[in-house]
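Colleague: Hi! I have a new structure to learn my way around, and I'd love some company. Can we go through it together?

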Amino acid sequence: MGCICGKPSAIEDSRDSPRERLSSKSAASLRGQRAGGSSRREEAYRAKDRLDSIDGKTMLIDKQVNERKREKREFIVATNHLRIGILPKSSEGEQVAAGWPPWLAAVAGEAIGGWVPRRADSFEKLDKIGQGTYSNVYRARDLDQGKIVALKKVRFDNLEPESVRFMAREIHILRRLDHPNVIKLEGLVTSRMSCSLYLVFEYMEHDLAGLASHPGLKFTESHVKCYMQQLLRGLDHCHSRGVLHRDIKGSNLLIDNNGILKIADFGLASFFDPHQSQPLTSRVVTLWYRPPELLLGATYYGTLVEQLHKIFKLCGSPSEEYWRKSRLPHATIFKPQQPYRRCVADTFKEFPAPALALIETLLTIDPADRGSSASALKSEFFTAKPLPCDPSSLPKYPPSKEFDAKVRDEEARR
């Protein structure tokens, strides 16, 4: 949390690929030909360049197709694990009779089993409080229960069964999690005639990104420990239930006025089985928050704590042994010509020793040495003074979310 991140400068240091070197030699050879050279040879070179261009585009397309196939395989495995699927026709009919739309009951009956949809007219939208790639979030009043809630409108194509199943995976995962530091799904808003779906959550006044960017607000060491402890406890619960969140960042860590932190937004989450190896897509986690192994294209990963990706200039570039044993797809792109020295301890030398030790562990380049949320909770960081404060003793802040900070910045620019 609050770590420095930046674009990986190692891209600029990458060596030319054999194909690029070959293209360069071809271009140089063409430039060195005599003015009266054979037109047949020139045409042969031009034909070769066209083939190289087509070949390069084909390789890129093949890579994208393979990645999409991997994502689809991962989705199928995960949904089978979750048992999101087609129910017997009788059960599907009962769900439609209960008010669920047929397109949802037909392909994601397991996700909504045992629930009854809430009516749209039982909520009053108040204002927009969040926006993501696949959803918009609103603060709303629950007219039936007389309380403020958060409504998340999810984007999907209800005419595409796979799109509906992908959306339903988030619902199924949320229903399997039950922990004070994980956001609670309270209901779903839709109807037989509706093409849209809202997820109803408890309302949280803040997110960590919004609080961290608030002018003049500064966390004490005791506050940081309190938030970190809650985050790790929530993550440990997810991992113990076989869930990878895969998008941990400040705006997805919600905080209420009682100081309770909850992990939210499970739109990219997936189930995993620690006893079975299955390839997972590396195109998860917001780009600048991805751990190094995902940026390098890893498709086999587990519950190792996800931390901000530190550019090699801070965390040091991986050792030659790491490059040899990992064989990650993008290793040649990111491997710098000259190794970077690790300087985490120098950068954070003013931090207390227990804090620095935990940071060093969590920011380890090799995931095998990074530890888990459970091991991080046993760190001396949480037992050394000052101890983590009680959430109820945290200061009360005005509502502040990353979305609010962006609005403030936009108004300032105007």
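Modeller: Happy to, and we'll start with the whole protein and then turn to single residues. Keep in mind that this is a predicted model.

Colleague: Great. How many helices and strands does the protein have?

Modeller: There are 16 helices and 10 strands.

Colleague: And what share of the residues is buried?

Modeller: Of the 414 residues in the protein, 45% are buried. The accessible surface comes to about 22300 Å², and carbon and sulfur atoms account for 53% of that surface.

Colleague: What about contacts between parts that are far apart in sequence?

Modeller: Take the contacts between residues at least 6 apart in sequence: 65% of them join residues at least 24 apart.

Colleague: Let's pick a helix. Is α5 mostly covered or mostly open?

Modeller: Mostly covered. Helix α5 runs over residues 102–112, and eight of its 11 residues are buried. Among them are Trp103, Leu104, Val107 and Ile112.

Colleague: What comes right after that helix?

Modeller: Just after α5 you'll find Gly114, which has a positive phi of about 85 degrees.

Colleague: Trp103 caught my eye. Which ring does it pair with?

Modeller: The structure holds four aromatic pairs. In one of them, the ring centres of Trp103 and Phe156 are 5.3 Å apart and the planes are at 45 degrees, so this pair counts as tilted. Trp103 belongs to helix α5 and Phe156 to the loop between β3 and α6, so the pair ties together parts 53 residues apart in sequence.

Colleague: Are those two buried or exposed?

Modeller: Trp103 and Phe156 are both buried. Another tilted pair is Phe348 with Phe351, at 5.1 Å centre to centre and 50 degrees between the planes.

Colleague: And is Phe351 buried or partly exposed?

Modeller: Phe351 counts as partly exposed because its relative accessibility is 38%. Its partner Phe348 is buried, with a relative accessible area of 11%.

Colleague: New topic. Which residue does UniProt list for "binding site"?

Modeller: The UniProt entry, which is unreviewed, lists Lys152 under "binding site". Lys152 sits in strand β3, which covers residues 147–154.

Colleague: Why does Lys152 count as buried?

Modeller: Lys152 counts as buried because its relative accessibility is 6%, and the cut-off for buried is under 20%.

Colleague: What does Lys152 touch?

Modeller: Leaving out residues up to four places away in sequence, Lys152 touches several others, including Ser135, Asn136, Glu170, Tyr198 and Asp265. With Glu170, there is a polar contact between the two side chains at 2.7 Å.

Colleague: And what about Asp265?

Modeller: The side chains of Asp265 and Lys152 form a salt bridge, with 3.2 Å from N to O. This pair links distant parts of the chain: Asp265 is in the loop between β9 and β10, Lys152 is in strand β3, and they are 113 residues apart. Asp265 counts as partly exposed, at 29% relative accessibility.

Colleague: How many salt bridges does the structure hold?

Modeller: It holds 12 salt bridges. One of them joins Glu186 and Lys147, whose closest N and O atoms are 3.2 Å apart. Glu186 lies in strand β4 and Lys147 in strand β3, so the pair ties together parts that are 39 residues apart in sequence.

Colleague: Are Glu186 and Lys147 buried or partly exposed?

Modeller: Glu186 is partly exposed, with a relative accessible area of 34%. Lys147 is partly exposed as well, at 30% relative accessibility.

Colleague: Any others to look up?

Modeller: Try Lys262 and Glu202, a salt bridge with the closest N and O atoms 3.8 Å apart. Lys262 is in strand β9 and Glu202 in strand β5, and the two are 60 residues apart. Lys262 counts as buried, at 9% relative accessibility.

Colleague: Which residues are linked in a network of salt bridges?

Modeller: Arg118, Asp142 and Asp144 are linked that way.

Colleague: Last one: where is Arg169, and what does its side chain reach?

Modeller: Arg169 is in helix α6, which spans residues 161–176. Its side chain reaches the backbone oxygen of Ala269 at 3.3 Å. Arg169 also counts as buried, with 3% relative accessibility.

Colleague: Thanks, I'll go and find these residues on the model!

Terms used:
Residues numbered from 1 in each chain as written. Predicted model: local features only at pLDDT ≥ 70, side-chain atom pairs only at ≥ 80, totals over all residues. Heavy atoms only, no water. Helix = DSSP H or I, 4+ residues; strand = E, 2+ residues; numbered from the N terminus. Buried < 20%, exposed > 50% of the residue type's maximum accessible area, 1.4 Å probe, protein only. Contact = heavy atoms within 4.5 Å. Areas by Shrake-Rupley, 256 points an atom, 1.4 Å probe, with all protein chains shown as cover. UniProt positions renumbered as here; feature names shortened; annotations may be inferred. Polar contact = N/O pair within 3.5 Å; in protein donor to acceptor, adjacent residues only side chain to side chain. Salt bridge = Lys/Arg side-chain N within 4 Å of Asp/Glu carboxyl O. Phe/Tyr/Trp six-rings, centres within 6.5 Å; stacked < 30°, edge-to-face > 60°.
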